Amino acid sequence: MKAIEYHSYGSPEVLQIVEREIPTPKDNEILVKVFATTVTATETTFRQGKPYFSRLFTGLTKPKIKTLGEELAGEIIETGKAVTLFKKGDRIFGTAGPTFGANAEYITLPEDAVIVRLPSNLNYEESASTCDGFLTALPFLRDTGKIKQGQKVLIYGASGSVGSSAIQVAKYYGAEVTGVCSTTNLDLVSSLGADHVIDYKNEDFTKNGQQYDIIFDAVGKIKYSKAKKALTKEGRFLEAGIGLNVLGHVFITALFGKKKALIATTGLRPPAERTKDLHLLKSLLEEGRIKPVIDKTYTFSNIAEAHRYVDQGHKKGNVVIRMV
């Protein structure tokens, strides 16, 4: 089988297509033929090893994880003898978890991994593209932000993978949503259900007199010290990027004041919790209340080009890799 590996940090050229043996599932594992995966901003950060503090998690001098790819959709072609939740031939989607590995033609996963059967109305590429953004946005808004019906919620970076999901999640909870994005993405953000759209190039949301119960920075590009001006008295500032800028404010606001700066490690939640949310996502996709947002699709052999595109920082929604 073919897989993508990288053994040093750097540009997309460090990614190599290699040949491996198809893995054999253990008793509690399934073997999945991958039909679609994605390239996320997190994965390009892992590949670059930048910012340098990220190497505390990815490896100081060289990457710990050799094969990237978190989101996937595919078909189960073999099951271990102890597997009861799935059977051969099941079409599934979900995530490979914190060890990644989905940038390969085949992957083994424990049967209790964060996977469920494919939505009846979506194909592999559409399904794979929905997981990471939703599984990040939902716990941020629901659990960390304590979102409530009727609240005013602002999503900064509203056209990206997490941001586009966050708009739809916030509308699901009955919030009044403002999306902040660039000029070229205004129509997209509106089409996802945003009640108001702000072009950050032409308007500063902290200076228009509006206040929000939740400000969710989905891309880690605004400072709490600036955003807090636009928070209500007990407003919450959520940052998905978890940059060093916000950490001090998280500690300070935990001790003083009613406005809070908050972060969350959504990808490290217990698999059972994430799987429960994935079941919810499947239902919402089948009901048409959440829809996939795909910017570009690349073939497996052109994955370096996909990384190069994501590196530019302007992707709309998701970048998908078609395996076949």
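What follows walks through the helices, cores, cavity and pocket of a predicted model. Local features here need pLDDT of at least 70 and side-chain atom pairs count only at pLDDT 80 or more, while totals for chains, interfaces and linings use all residues. Residues are numbered from 1 along each chain as its sequence is written, and side-chain values use heavy atoms, with hydrogens and water left out.

Helix α4 (residues 131–144) is a good place to start (helices are DSSP runs of H or I with at least four residues, strands are E runs of at least two, both numbered from the N terminus). Twelve of its 14 residues are buried, so α4 is largely enclosed by the rest of the structure (buried means under 20% relative accessible area with a 1.4 Å probe and protein chains only, exposed over 50%, partly exposed in between). Among the buried ones are C131, F134, F140, L141 and T144. The end C-alpha atoms of α4 sit 19 Å apart, which agrees with the 20 Å that its residues should span (the expected span is 1.5 Å times one less than the number of residues). Just after the helix, K146 takes a positive phi of about 55°.

Helix α4 also gives the most to the largest nonpolar core, with seven residues (a nonpolar core is a set of buried Ala, Val, Leu, Ile, Met, Phe, Trp, Tyr and Cys residues joined through side-chain atoms within 4.5 Å). This core has 44 residues, of which F93, L141 and F216 touch the most other members. Leaving out residues up to four places away in sequence, the contacts of F216 include A137, F140 and L141, along with L154, V162 and L238 (contact means heavy atoms within 4.5 Å). Apart from this core lies another, of 31 residues, with V39, A102, I107 and A113 among them.

Helix α9 (residues 271–287) runs 24 Å from its first C-alpha to its last, close to the 24 Å expected for its 17 residues. Its buried residues are R274, T275, D277, L278, L281, K282, L284 and L285, and their cover includes β5, β7, α4 and α5. After α9 comes G288, with a positive phi near 80°.

Now for the empty space. On a 1 Å grid over the protein atoms alone, a cavity is a set of points where a 1.4 Å probe fits but cannot get out, and a pocket is an open set with protein on both sides within 12 Å along at least five of seven lines; lining residues have an atom within 4 Å of a point. Points are joined across faces, edges and corners, and a volume is the space filled by probe spheres set on the points. One cavity of 30 Å³ or more turns up, with a volume of about 80 Å³. F134, Q168 and K291 are among the residues lining this cavity, and α5 gives the most to the lining, with four residues.

The second largest pocket has a volume of about 240 Å³. Its lining comprises 19 residues, and A96, G97, P98, A113 and P271 are the closest to its centre. Strand β6 supplies the largest share, four residues.

Finally, G101 sits in the loop between β5 and β6 and is buried, with a relative accessible area of 14%. Its C-alpha is 4.9 Å from that of T67, although the two are 34 residues apart along the chain.
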